[in-house]
Amino acid sequence: MRFMVNKDQVRGVAKQVKGSVKKAAGKATGNKQTQAEGTAEKIAGKVQKGYGDAKQRLKDSL
């Protein structure tokens, strides 16, 4: 079995990392808006990765 990764999985993980960094920066500087944006971006990344995972499972089952 080969391990395949699609664009949505990669972009989702990238968004999660970017969101985590943004959230940490907001927390470190006391900027609640930046912290909230980071949290939202992290959640969006999780959703996109989940979509990519589902897409990959479907592709693997065919």
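Guide: Buried means under 20% relative accessible area, exposed means over 50%, and partly exposed is in between (1.4 Å probe, protein chains only). You're looking at a predicted model, where local features need pLDDT of at least 70, side-chain atom pairs count only at pLDDT 80 or more, and totals for chains, interfaces and linings use all residues. Residues are numbered from 1 along each chain as its sequence is written, and side-chain values use heavy atoms, with hydrogens and water left out.

Visitor: OK, which residues of α2 are buried?

Guide: First, the name: helices (H or I, at least four residues) and strands (E, at least two) are DSSP runs, numbered from the N terminus. Helix α2 covers residues 32–61, and its buried residues pack against α1. Here they are: Thr34, Gly38, Glu41, Gly45, Gln48, Gly52 and Gln56.

Visitor: And which residues are buried in α1?

Guide: Helix α1 is made of residues 7–29. Its buried residues pack against α2. They are Asp8, Gln9, Gly12, Gln16, Gly19 and Gly26.

Visitor: How far apart are the end C-alpha atoms of α2?

Guide: Let's work out what to expect: the span of a helix should be 1.5 Å times one less than its number of residues. For the 23 residues of α1 that gives 33 Å, in agreement with its end C-alpha atoms, 33 Å apart. For the 30 residues of α2 the rule gives 44 Å, and the end C-alpha atoms agree with it, being apart by 44 Å.

Visitor: Which residue caps the N-terminal end of α2?

Guide: Think of a cap as a polar contact, a pair of N or O atoms within 3.5 Å; within protein, one must be able to donate a hydrogen and the other to accept it, and residues adjacent in sequence count only if both atoms are side-chain atoms. Over at α1, Asn6 does the capping of the N-terminal end, with a side-chain oxygen 3.1 Å from the backbone nitrogen of Asp8. For α2, a side-chain oxygen lies 3.1 Å from the backbone nitrogen of Gln33, and it belongs to Asn31.

Visitor: Which residue with a positive phi follows α1?

Guide: Look just past the end of α1 for a phi near 75 degrees. The residue there is Gly30.

Visitor: Is Asp8 buried or exposed?

Guide: Asp8 has a partner: a salt bridge (a side-chain nitrogen of Lys or Arg within 4 Å of a carboxyl oxygen of Asp or Glu) joins the side chains of Asp8 and Lys55 at 2.8 Å, N to O. That pair links distant parts of the chain, with Asp8 in helix α1, Lys55 in helix α2 and their positions 47 residues apart. Lys55 is partly exposed at 37% relative accessibility. Asp8 has 12%, and therefore counts as buried.

Visitor: Which residues are joined into one network by salt bridges that share partners?

Guide: Start with Lys18 and Glu41, whose side chains meet in a salt bridge at 3.5 Å, N to O; this pair connects helix α1 to helix α2 across 23 residues. Glu41 is buried, with a relative accessible area of 17%, while Lys18 is exposed at 52%. Glu41 also meets Lys22 in a salt bridge (4.0 Å, N to O). Sharing partners like this gives one network of Lys18, Lys22, Glu37 and Glu41.

Visitor: Which residues does Gln16 touch, not counting residues up to four places away in sequence?

Guide: Gln16 sits in helix α1 and counts as buried because its relative accessibility is 18%. Contact means heavy atoms within 4.5 Å. With residues up to four places away in sequence left out, Gln16 touches Lys42, Gly45, Lys46 and Lys49.

Visitor: What is the relative accessibility of Gly38?

Guide: Gly38 is in helix α2. Leaving out residues up to four places away in sequence, it touches Gly19, Lys22 and Lys23. Gly38 counts as buried because its relative accessibility is 0%.

Visitor: Which residues form a nonpolar patch on the surface?

Guide: Patches are made of residues with over 30% relative accessible area and no salt bridge, joining like charges within 9 Å and nonpolar side chains (Val, Leu, Ile, Met, Phe, Trp, Tyr) within 5 Å. Areas come from the Shrake-Rupley method with a 1.4 Å probe; for residues, only the protein chains shown count as cover. An α-helix has 3.6 residues a turn, so residues three or four places apart point the same way. With about 240 Å² of accessible area together, the patch is formed by Val13, Val17 and Val21.
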